[in-house]
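Okay, thanks for having me. I'll put the structure up, and then we'll go through a pair of helices and a few side chains.

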Amino acid sequence: MKTKTLRPDKVNVITLGCSKNLVDSENIITQLMANDYAVEHDSNEEANIVIVNTCGFIDLAKEESVNTILDYADRKTRGEIDKLYVTGCLSQRYKDNLEEQIPEVDDYFGTMELPGLLNRLEADYQHDLIGERFITTPEHYAYLKISEGCNRTCSFCAIPLMRGKHVSRPIEELVKQATHFAKNGVKELMLIAQELTYYGLDIYKGRALPELLEALAAVEGIEWIRLHYAYPSKFPREIFDVMAAQPKVCNYLDIPLQHGSNAVLQRMRRQITRQETEDLIAYAREVVPGIAIRTTFLVGYPGETEEEFQEMCDFVSEMRFERLGVFMYSHEEDTSAHEVEDDVPAEVKAERANRLMELQKEISLELNEARVGAELRVLIDRKDDEFYVGRTEFDSPDVDNEVLIPAGQAYLRTGDFVKVKITEATEYDLVGSIIVG
């Protein structure tokens, strides 16, 4: 038998930004491993080749990406690494500037240039790996990117500049990948995209997310399917019918709404009104009782007045979203919003963001306290000292609530599903005890 020999080089892939970037990094790792490279992810171990997968979404993300590149460029200058490559959103958007400003990088690649990156590393793109992917998350959950790019024209968003037009992946390809995941221990799929609800319009000439959900639910071993980043305008409401009828589809929806003022929504080019949004949320809660709505809002958009911000606060108070995050507006080049003045001072943006999160903290505590006494199915993610830490179907990893279970109650393994009775609640966590039998 021929013994497989690894190359002498070792690669460290550094991932910055969102879960969609993480999937891209996992694809890079998969391809490199198939070409006999030793590969680490976000590792402190020594590696002579570094690939930085960048984010270019907003100012803070861009700053983190640039600082990370500079750090590794400095390490290269000191001889600590041999080669440095940069890929991802920042590289896609600012390649020429980066090449000029940070010439220590051996090469820059855009978001869709994996074959070029592999070629630079004398590696071949393995087409037969479609459907397979090394995952860097805990083995019981994985992200499934169902499409790339976005056709929306939101005035503040630079994603189409970095990711291009919407391109859906065929259902059979996604089912193949889900099947591969399940055979390797994955129990939960997080469906992600730049725009989830647009799925299928390009290849099936109709919104096909409900059909995809049914197909993925049929994969043996997959127990939870979670929906991330759904656009509210022209939302395909039959998704809620599938959610209500199919136990594997979590009663959870990530649907960024961005604002609660009609005037701001119009300036943002969101193609939806506050009333239409309220109707959609009401419909979701009627068809799927107990659904957890995760959303995000943007404060400090150009021209946002105190009255318009207060409209957003009133909207949040009335809707009582189960999960909520806040971003401060970032003035992005080449977006239509960049044509107007970024006239809300940074300190006002920060103050409004804090006020909105304080409001949400009160809502979150009240909703969590209402869970005390409830019996919930919990997926165990990890053990932290004296607690097992898990999640309900209403919570996604890293961004949502967690359930803490005293470790002395029983021996649990990562990836176990257990039934838990909730005994305590804080603003963003629940505490519970295992129900035996």
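So, to kick off: does α6 pass α7 in a left-handed or a right-handed crossing? Right-handed is the answer for α6 and α7. Do keep in mind that this is a predicted model.

Let's stay with that pair for a bit. Two packed helices get described by two things, the angle between their axes and the distance between those axes. Here α6 covers residues 171-183 and α7 covers residues 209-217, and they pack at about 30 degrees with the axes 10 Å apart. Since the cut-off for roughly parallel is an angle under 35 degrees, that makes α6 roughly parallel to α7.

And what sits at the contact? From α6 you've got I171, L174, V175 and A178, and on the α7 side they meet E211, L212, A215 and L216. Sorted by class, that contact has seven nonpolar residues, one charged and no polar ones.

Okay, on to single residues, and I'll begin with N48. You'll find N48 in the loop between β2 (38-41) and β3 (49-54). Is N48 buried or exposed? Its relative accessible area is 17%, and the cut-off for buried is under 20%, so N48 counts as buried. The N48 side chain makes a polar contact with the side chain of D9, at 2.7 Å. If you skip residues up to four places away in sequence, N48 touches D9, K10, I81, D82 and K83.

Next up, P397, which is also a loop residue, this time between β15 (387-391) and β16 (402-406). P397 is buried, at 4% relative accessible area. Leaving out neighbours within four places in sequence, its contacts are Y141, Y143, M190 and R391. Here's one for the contact-map people: P397 and T137 are 260 residues apart in sequence, yet C-alpha to C-alpha they are 9.9 Å apart in space.

Last one, R323. This residue is in strand β13, residues 323-328, and it is buried, with a relative accessible area of 8%. Which side chain does the R323 side chain make a polar contact with? That would be D395, at 2.8 Å. Setting aside residues up to four places away in sequence, R323 touches a list that includes I293, R294, T295, Q360 and N368, plus F394, D395, D400 and N401. As for G56, that residue is 267 residues from R323 in sequence and 25 Å from it in space, C-alpha to C-alpha.

That's my tour, over to you.

Terms used:
Residues numbered from 1 in each chain as written. Predicted model: local features only at pLDDT ≥ 70, side-chain atom pairs only at ≥ 80, totals over all residues. Heavy atoms only, no water. Axes fitted to C-alpha atoms, helices over the stretch in contact; angles between N-to-C directions. Helix = DSSP H or I, 4+ residues; strand = E, 2+ residues; numbered from the N terminus. Parallel < 35°, antiparallel > 145°, perpendicular 65-115°, else oblique. Left-handed = near helix turned anticlockwise from the far one by under 90°. Contact = heavy atoms within 4.5 Å. Nonpolar A, V, L, I, M, F, W, Y, C, P; charged D, E, K, R; others polar. Buried < 20%, exposed > 50% of the residue type's maximum accessible area, 1.4 Å probe, protein only. Polar contact = N/O pair within 3.5 Å; in protein donor to acceptor, adjacent residues only side chain to side chain.
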